[in-house]
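Here's a quick briefing to read alongside the model. Have the viewer open and follow the topics in order.

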Amino acid sequence: MAIGKVLVTGSSGTIGTRLCERLLAETGRTVVGVDRRPNQWNPASQRLTLVGDLLEPATLAQLPTDVDVVIHLAANARVYDVVVDPDQARDNILTIYNVLEFCRRNEIPRVMFASSREVYGNADGVVHAEEPVHIRHCESPYAASKVAGEALVHSYQQCYGIEFINIRFSNVYGMYDESNRVVPLFIKRIKEQQDLTVYGKDKLLDFTYIDDAVHGVLQALARFERARNEVYNLAFGAGTSILEVAETLRARLGGTGRIHVGDVRPGEVVQYIADISKARERLLYQPTVAFAEGIERAVQWYEANLYR
């Protein structure tokens with residue numbers, strides 16, 4: 001069955017904006033978005049976006065029901081923010097539940113759910129394939145909300161026949177992001193000649209350039225029937241320390257502030273590298289933008305769009 005009409009939740013976010021751009025460029029695709037915020041980056045994406053909250057029945061009632069797949073990106077996605085305010089984790093769980101109920105009641109056959117590398121927690125080892133996820137490794141309410149979301153998605157396949165693909169993203173960066181995620185935060189602070197704080201000297205994560213992340217989503221969408229009802233890591237497949245991120249950006253931007261190293265904050269994963277062999281094999285996923293190139297592209301985008 002061909003996938004012609006796509007509903008993207010979180011369409012004004014980092015991944016959502018770039019994904020909608022790519023989907024709109026594909027001949028034959030119809031795209032509808034929904035987000036709590038208007039899309040400030042792309043007028044074409046804003047024109048297709050319903051501004052509303054998926055926690056509210058009134059928003060759900062306005063969504064189109066003649067869609068072939070829902071790509072659910074919407075979430076409170078800042079790990080430490082959710083540690084501080086765990087109500088945000090509750091909202092994540094209620095949002096995916098509402099989306100799944102919307103699909104069930106309207107006989108929408110497919111869902112793609114944006115999960116996170118946070119589900120692996122601080123388990124033994126650094127490189128993680130898709131299978132070993134356990135609730136005892138949930139380091140934060142955010143991670144728990146993603147584990148719960150994956151479980152709900154799986155249950156709706158078992159009970160109601162809604163096919164799914166769960167995607168575990170890892171530290172997506174590059175553009176369309178003014179949040180306090182590490183890359184935009186460090187760029188902002190360096191531009192203001194402020195100090196940087198790295199939480200964890202040995203903290204090492206798998207940074208994924210936005211175009212690689214979106215490439216993976218599009219590959220999964222194109223191969224949905226063959227890839228369905230599985231979980232996939234989408235990342236670059238290599239680790240970069242947060243200290244290296246800070247040092248690289250400070251050198252590139254000519255920062256004069258100091259780099260302070262503190263303790264890892266509660267709820268944060270210390271070391272993670274994705275095993276992406278399953279995505280390579282099943283989705284034909286091929287990330288191409290390594291950290292050095294990706295961070296240069298990111299700096300150029302921020303300088304052109306936010307710090308002219």
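First, a term: a nonpolar core here is a set of buried Ala, Val, Leu, Ile, Met, Phe, Trp, Tyr and Cys residues joined through side-chain atoms within 4.5 Å. Keep in mind that this is a predicted model. With that in hand, the largest nonpolar core has 66 residues, and Leu-19, Met-112 and Phe-169 are the ones that touch the most other members. Helix H8, residues 210-222, gives the most to this core, with 7 residues.

**Overall build**

- The protein chain's secondary structure comes to 12 helices and 15 strands.
- A compact globule of 308 residues would have a radius of gyration near 19 Å, and the protein chain agrees with that, at 19 Å.
- Along the principal axes, the C-alpha atoms fill a box of roughly 55 × 45 × 40 Å.
- Of the 308 residues, 53% are buried.
- Take the contacts in the chain with a separation of 6 or more: 82% of them are between residues 24 or more positions apart.
- The accessible surface is about 13,300 Å², and carbon and sulfur atoms hold 48% of it.

**The cores and Leu-19**

- Which residues does Leu-19 touch, once those up to four places away in sequence are set aside? They are Val-8, Ile-71, Leu-73, Val-214, Val-217 and Leu-218.
- Val-214, Val-217 and Leu-218 from that list are also among the buried residues of H8.
- Apart from the largest core lies another one, of 21 residues, including Leu-7, Leu-63, Val-67 and Phe-113.

**Helix H8**

- The 13 residues of H8 should span 18 Å at 1.5 Å a residue, and the end C-alpha atoms are indeed 18 Å apart.
- Because 10 of its 13 residues are buried, H8 is largely enclosed by the rest of the structure.
- The buried set is Ile-210, Asp-212, Ala-213, Val-214, Gly-216, Val-217, Leu-218, Gln-219, Ala-220 and Leu-221.

**Val-31**

- You'll find Val-31 in strand E2, residues 30-35.
- Is Val-31 buried or exposed? Its relative accessible area is 8%, so Val-31 is buried, the cut-off being under 20%.
- Beyond its neighbours within four places in sequence, Val-31 is in contact with Val-6, Val-8, Cys-20, Leu-23, Leu-24 and Leu-48.
- Val-8 is also on the list of residues that Leu-19 touches.
- Val-82 sits 51 residues from Val-31 along the chain, with 30 Å between their C-alpha atoms.

**Glu-118**

- Glu-118 is in the loop between strand E5 (110-116) and strand E6 (127-128).
- With 4% relative accessibility, Glu-118 counts as buried.
- The side chains of Glu-118 and Arg-117 are joined by a polar contact of 2.5 Å.
- Outside its neighbours within four places in sequence, Glu-118 is in contact with Val-79, Tyr-142, Ala-143, Gly-267 and Val-269.

**Positive phi in loops**

- Gln-193 isn't a glycine, yet has a positive phi of about 55°.
- Its place is the loop between helix H7 (182-191) and strand E9 (196-199).
- Gln-193 is partly exposed, at 40% relative accessible area.
- Asn-229, also a residue other than glycine, has a positive phi near 60°.
- Asn-229 is in the loop between helix H9 (224-227) and strand E12 (230-234).
- At 24% relative accessibility, Asn-229 counts as partly exposed.

Definitions and conventions:
Residues numbered from 1 in each chain as written. Predicted model: local features only at pLDDT ≥ 70, side-chain atom pairs only at ≥ 80, totals over all residues. Heavy atoms only, no water. Buried < 20%, exposed > 50% of the residue type's maximum accessible area, 1.4 Å probe, protein only. Helix = DSSP H or I, 4+ residues; strand = E, 2+ residues; numbered from the N terminus. Contact = heavy atoms within 4.5 Å. Polar contact = N/O pair within 3.5 Å; in protein donor to acceptor, adjacent residues only side chain to side chain. Rg over C-alpha atoms; globule rule 2.2 N^0.38 Å. Areas by Shrake-Rupley, 256 points an atom, 1.4 Å probe, with all protein chains shown as cover. Expected span 1.5 Å × (residues − 1).
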